[in-house]
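Thanks, everyone, for making the time. I would like to walk through one model with you, taking one chain first, then the sheets of the other, and then what lies between and beneath them.

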Amino acid sequence: MIRLEGVQKVYEDGFKALKNINIEFKRGEISVLIGPSGCGKTTTMKLLNRLIEHTEGKVLIDGKDISTIDPIDLRRSIGYVIQHIGLFPHMSIKENVAAVPKLLKWDTERIEKRVTELLNMVGLDPDTYKDRRPSELSGGQQQRVGVIRALAAEPSIILMDEPFSALDPISREQLQDELVRLQKEIQKTIIFVTHDMDEAIKIADQIILMKDGEVVQQGTPVQILQNPANEFVEEFIGKERLQKYRSMPTVEEFMEKRSAIVSPDMPLPKAMKQMEEHHLDTMIVVDGYRQVKGQLSIFQMFNNNDANKLVVDVMKPVKYRVQTGTPLEDALTLMSQHDVHALPVIDKKLGCLGLITKNRMIEGMARIYSMPRKEGA
Amino acid sequence: MEFMTELLSYMANHWDHLLELTLDHLLMVVYGILMALAVGVPLGVICAKNERFAPVILSTANIIQIIPSLALLSILMLYFGLGFTTVVFGLFLYSLLPIIRNTYVGLKEVDPHLLEAGKGMGMTPLQLLTKVQIPLSLPFLMAGFRVAAVIAIGVATIAPYIGGDGLGREIVAGINGRSEIEIYAGAIPAALLAILADFLLGMLEKRLKRLTA
């Protein structure tokens, strides 16, 4: 695990590139640093292998302050993939992949084995490709080599600086897919810098959104998409994307409106008939001022099956209610926490609009999860 | 036509002498350039690594280059005396500029992203220099070497004035004896030598370029 505690970077000319950064990169996860250019995302990443030194605070890798580790040793233990691929043109593919193991003085046999294994891992036939030069490969193939070069010495941490941004859209998609697939096997702690929100959503376990040297929001892609912290985040994500991912509906979309509302002075048989007609097991009792007075369940009605009684005589008080705009997910949590089947939905003026029931909720959830979504999200 | 046959027969008769002069000539050039490489490449590296020194080193080499060859060699003669060593030292000085400059430019031309990749993977500054920067700047270095070689072959023809040998001796002998044939017999091999060096080193340069592209 990597932790940044109160990290600042102030350049000699006084420019504050990073202002009090506190973040954690969890082991075995892909953490994506994202933001507009100049936000400090690349600077933050380069602190980790000391290509840039921070001026304040602490950077800890597995609890160890990295300023106490020799930068050369540190860098050899961390994989690094750069934006411009950066394969050495005068070396063969094999020599490129073997670069760090060679620095670490692995024996030739072990290097040979590792290179073969890695080339196979990204679908490049070792016999065909290992003696070729980088210029003989396509851009996508080159960056595959760039990625396995970073993996070569089996580091547990890999830094990726906009690694796919120079590629054509098709190769980019392919490499993103491959990275997600590969990560399932290798389980590395990956710090991935990008400015492409779609890329972040696709590959991230955790997204860290930055602006002007500060972390604006941090969370899983779903969390950020559903609850953007502020206008900047919304703008950065983009309206279109927000709408697409915000399709997690809110309670009013699925609530029963008039059909679930009865007045306190309604005779029980009439209320029962309305319940039957609309296939409900619970109804909400609302007075003429749209105030919730109580609720009426099918069990209460059976227990008090008296044609002369009114709704007000058998209804029970309502303990919980939800506001309009509450996501279905939250309403469901509330329901299961308090073991209730239905919740009245009230607007901001506390007037009742309707009732959300477990049945409707299930329908709503079914709609969400039948949508194509990112695996594991 | 008659002149050509005469020249050819002269060269055929004196081939062993001419060959010896050619070898002398080459030897001076090779020594001069090897020394220039030994000194110029490190100076070029210093320029590239430390920009503060670049203007000083490059302009000093430039000034040396500007001094007319006969003048430079004569001045050197005042200090080193007549002979082989003085010529070699002169050629060394003349070869410095192209070698320093091209080493410097070559190192500067290396794609900064490759340097970042190398540094980021944990290369020491020395490893970065020997494994990445120098190999990638070889085509430039080769171009400098080529220019230096051609210049040195040319300058070496005035060696006899300060007690050196080489093809210049034949030319000077021709001038003194007013023998057109002797002048040509010295000048033609010297010119061929320069052309050949230019061609061969040019090929090598192209090859290196392919390897580093």
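Let me begin with chain B, whose elements, read from the N terminus on, run α-α-α-α-α-α-α-α-α. Put as a tally, the secondary structure of chain B comes to 9 helices and 0 strands. Please keep in mind throughout that this is a predicted model. Chain B has 213 residues, of which 42% count as buried, and if we take the contacts within chain B between residues at least 6 apart in sequence, 75% of them join residues at least 24 apart.

Turning to chain A, I would start with the open sheet of 4 strands, which come in the order β2-β1-β4-β5 and pair in the antiparallel sense. Its edges are β2(A), residues 16-25, and β5(A), residues 64-65, each of which pairs on one side only. Between strand β4(A), residues 56-61, and β5(A) there are 2 bridges, and these two strands run antiparallel; within this part of the sheet, Leu60(A) stands opposite Asp65(A) of β5(A). Packed on the sheet is helix α1(A), residues 41-48, which touches β1(A), β2(A) and β4(A), and whose direction makes about 60° with that of β2(A).

Is that helix, α1(A), buried or exposed? It is mostly covered, with 8 of its 8 residues buried, and the buried residues include Lys41(A) and Lys46(A) alongside Met45(A), Leu47(A) and Leu48(A). After α1(A) comes Arg50(A), which has a positive phi, near 60°.

A further open sheet in chain A has 3 strands in the order β14-β15-β16, and here the pairing is mixed. The edge strands are β14(A), residues 322-323, and β16(A), residues 352-357. Strand β15(A), residues 342-346, is joined to β16(A) by 5 bridges in the antiparallel sense, and among the residues involved, Leu343(A) has Ile356(A) as its bridge partner in β16(A). Across β14(A), β15(A) and β16(A) lies helix α17(A), residues 328-338, running at about 135° to β15(A).

Now to where the chains meet. The contact takes 16 residues from chain A and 16 residues from chain B. On the chain B side, the elements that give two or more residues are α6(B), residues 112-120, α7(B), and α9(B), residues 180-212, and α6(B) supplies the largest share, 6 residues. By class, that side has 9 nonpolar, 5 polar and 2 charged residues.

Which residues touch the most other members of the largest nonpolar core? In this core of 116 residues they are Val32(A), Ile191(A), Leu91(B), Ile100(B), Ala152(B) and Ala156(B). Helix α7(B), residues 125-155, gives the largest share of the core, 14 residues. Another core, of 32 residues, lies apart from it, and has among its members Ala260(A), Val286(A), Leu296(A) and Val345(A). As for Ala152(B), once its neighbours within four places in sequence are left aside, it is in contact with Val29(B), Gly32(B), Ile33(B), Leu91(B), Tyr94(B) and Ser95(B).

I will finish with confidence. Chain A averages a pLDDT of 86, and 96% of the residues score at least 70; over residues 373-377 of chain A, however, the pLDDT is below 50, and this stretch has 4 contacts in the model beyond near neighbours in sequence.

Key
Residues are numbered from 1 along each chain as its sequence is written. Chains are lettered from A and ligands numbered from 1 in the order in which they are written. This is a predicted model: local features need pLDDT of at least 70, side-chain atom pairs count only at pLDDT 80 or more; totals for chains, interfaces and linings use all residues. A nonpolar core is a set of buried Ala, Val, Leu, Ile, Met, Phe, Trp, Tyr and Cys residues joined through C-beta atoms within 7 Å. A residue is buried if 20 or more other C-beta atoms lie within 10 Å of its own, exposed if 12 or fewer, and partly exposed in between; C-beta atoms are placed from the backbone. Two residues are in contact if their C-beta atoms, placed from the backbone, lie within 7 Å. Two strands pair if DSSP finds at least two bridges between them. Axes are lines fitted to C-alpha atoms, for helices over the stretch in contact, and angles run from 0 to 180 degrees between N-to-C directions. Ala, Val, Leu, Ile, Met, Phe, Trp, Tyr, Cys and Pro count as nonpolar, Asp, Glu, Lys and Arg as charged, and the others, Gly among them, as polar. pLDDT is the predictor's confidence in each residue, from 0 to 100.
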